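Could you walk me through this model in the viewer, one selection after another? I would like to know what to pick next and what is there.

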Amino acid sequence: MSALIVSTIAGPAFAQSTVTADEPAAQPATVPTTTAAQTDDETIVVTGSLLRRADAETPSPVTVVTTESLDRRGLATIQDGLQTLSSNNGPALTNSFTANGAFAGGASAVSLRGLSSNSTLVLFDGLRGAYYPLADDGTRNFVDLNTIPDDIVQEVQVLRDGASSLYGADAVAGVVNIITKKQFKGVGGRAEAGISERGDASQYRMSLTAGIGDLSDDGFNIYGSGFYYRSEALRAANRRYPYNTDDLRQVCYEGNCGANGVLNGTEADGNTGGFEITTPFAVRPRDPITGAAIPGVSSRYQYLNGCQGLPTAQLSTAELALAQNAAAPANGVVCQEDLTLLYGNIAPRIERFGGSARATAKFGDNGEAYGEFNFLQTNTFYEGLPATIRGNAPAGFYFPRYSTSANIAAYGNNTILQLPVYICQSGVNCSTAADRVLNPNNPFAAQNQTAAIIGRIPNLREQN
């Protein structure tokens, strides 16, 4: 992500604060803040408005986060600081993969007052920040807090109240305004490294900032800053019970332990009941023309090649009688695969590097011109669950190699991949081909029935 901002400010400065040559005041805030100057009568003046007024007259609550306060608390980044705010809650996004669904792994977003990330406006020096390329769960646009160039931030102003009348619908929950430093003189840098008390989840960060010129004495300031950041992946298997497993049989409350007394508690069709999609494939018979269930024929799945060494669990008669367990094997023996222990991710591996630059010049008594540049590149990686075969073919999809009809008929609200009755050399229209033979992978082929198949492909893992 890169951005180039050029702006000219002229006229009276309504936001004032006590300054030094090396640490000037923040720019006029776009949201009300408690950044203030002490006047002769000790009145606190709140910035962010065209009118000077006392703090007691400000209707909206504001939190100001400074880089100095973050350093004192041992927080490495602005993102870390904003995530600890009590007003940031509900559907907020952290760098943890498991919090971000399938579309925004490694990104972070603020959600003020629990009203979702797309209802919280994020500004950089009063200008809207660019959205993360992928929306949270594919629906909610947000600004990734990791794009904040930490070393050039002077403070972050958080308006914890709705501001939609001023900014629009994306400010219903509130506004976060990141104020960058107007100037930096000299050379500064930092090198940090950390690791969890369990010896994992290590983090590294290095940065360097340099600048010349003084706005008060020289009338200009130019500075640049660059950084490199890396955090290692954290797997569920690296944590202790019960966070590293699907096996909840040791978690008890008032005499009730686990989920249905079995390791996995998710049925193939999305309901609870102890029948989970596992690496061993399972099949059940279907009509070769319509793909629908066959009247009078069991609709329960059976494993093609058993559980292949996985632990098994026996569902009770009562559990088998439940409607949601209609897909479980008739004998109630289900394969148990600990997907969280084998494949679970807590946080992805994240690597970032970027740079920022700013040039500011004064003209006249009250005029300033400045230009900003910001570049960031983020690489995020995780390896998740094996690819799943279940209901992934679109309705009406023609797949002649695996189906004897012109479509794979809908099963419920999904479409199920069908193992055909016949196979042939050409792989097309095998039901009428001269060299057709019964499909050896379809246990129902001899009865002229296709096999609806579900399962996971262990050597084909989800990656991002």
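Start with the cartoon view of the whole chain: it has five helices and 26 strands. Keep in mind that this is a predicted model. Of its 464 residues, 44% count as buried. Among contacts with a separation of 6 or more, 63% are between residues 24 or more positions apart. If you switch on the surface, the accessible area comes to about 22700 Å², and carbon and sulfur atoms hold 54% of it.

**Stop 1: an open sheet**

Select E2, E5, E6, E3 and E4. In that order, these five strands form an open sheet with mixed pairing. Which strands stand at the edges? They are E2 (62–66) and E4 (127–128); each has a single partner strand, so one side of each is left without a neighbour in the sheet. Now look at E2 beside E5: the two run antiparallel and are joined by five bridges. To find one of the pairings, pick Thr63, whose bridge partner in E5 is Val158.

**Stop 2: the largest nonpolar core**

Next, show side chains for Leu82, Ile148, Val156, Val176 and Ile178. Within the largest nonpolar core, which has 19 residues, these five touch the most other members. The elements that contribute two or more residues to this core are helix H2 (78–83) and the strands E3 (120–124), E5 (153–159) and E6 (174–180). Which of them gives the largest share? That is E5, with three residues.

Centre the view on Val176 and show what surrounds it. Leaving out residues up to four places away in sequence, Val176 touches Leu82, Val110, Leu112, Thr120, Leu121, Val122, Leu123, Val156, Gln157 and Val158. Another core, of 14 residues, lies apart from the largest one; among its members are Tyr303, Cys307, Leu315 and Ile454. Keep Cys307 in mind, as we will come back to that residue.

**Stop 3: a run of antiparallel strands**

Now select residues 186–194, which are strand E7, together with residues 203–212, which are strand E8. These strands run antiparallel and are joined by nine bridges. One pairing to highlight is Ala193 with Tyr204 in E8.

Add E9 (residues 220–231) to the selection: E8 and E9 are also antiparallel, with ten bridges between them. Here Thr209 stands opposite Ser225 in E9. Then add E18 (residues 349–363), which runs antiparallel to E9 and is joined to E9 by twelve bridges. To see where these two strands face each other, pick Phe227, which stands opposite Gly354 in E18.

**Stop 4: the disulfides**

Show all cysteine sulfurs. How many disulfides does a search of the whole structure find? There are two.

For one of them, return to Cys307, which is joined to Cys335 with an S to S distance of 2.0 Å. This disulfide links distant parts of the chain, 28 residues apart: Cys307 sits in the loop between strands E14 (302–303) and E15 (312–314), while Cys335 belongs to strand E16 (residues 333–335). Turn the view along the S-S bond and you will find a left-handed link, at -95 degrees. Are these two cysteines buried or exposed? Both Cys307 and Cys335 are buried.

The other disulfide joins Cys424 to Cys430, with S to S 2.1 Å. The torsion about the S-S bond of this pair is about -70 degrees, so this disulfide is left-handed. Cys424 has a relative accessible area of 13% and is buried, and Cys430, at 5% relative accessibility, counts as buried too.

**Stop 5: Arg436**

Finish with Arg436, which lies in the loop between strand E24 (422–423) and strand E25 (437–438). How exposed is Arg436? With a relative accessible area of 38%, Arg436 is partly exposed. Set neighbours within four places in sequence aside, and the contacts of Arg436 are Tyr422, Ile423, Cys424, Cys430 and Ser431. Both cysteines of the disulfide between Cys424 and Cys430 are therefore in that contact list, as a distance display around Arg436 will show. Draw a line between the C-alpha atoms of Arg436 and Ile423: they are 13 residues apart along the chain and separated by 5.6 Å. Last, zoom in on the side chain of Arg436, which reaches the backbone oxygen of Ser431 at 2.3 Å.

Methods
Residues are numbered from 1 along each chain as its sequence is written. This is a predicted model: local features need pLDDT of at least 70, side-chain atom pairs count only at pLDDT 80 or more; totals for chains, interfaces and linings use all residues. Side-chain values use heavy atoms; hydrogens and water are left out. Two strands pair if DSSP finds at least two bridges between them. Helices (H or I, at least four residues) and strands (E, at least two) are DSSP runs, numbered from the N terminus. A disulfide is a pair of cysteine sulfur atoms within 2.5 Å. Buried means under 20% relative accessible area, exposed over 50%, partly exposed in between (1.4 Å probe, protein chains only). Contact means heavy atoms within 4.5 Å. Accessible areas come from the Shrake-Rupley method with a 1.4 Å probe; for residues, only the protein chains shown count as cover. A nonpolar core is a set of buried Ala, Val, Leu, Ile, Met, Phe, Trp, Tyr and Cys residues joined through side-chain atoms within 4.5 Å. A polar contact is a pair of N or O atoms within 3.5 Å; within protein, one must be able to donate a hydrogen and the other to accept it, and residues adjacent in sequence count only if both atoms are side-chain atoms.
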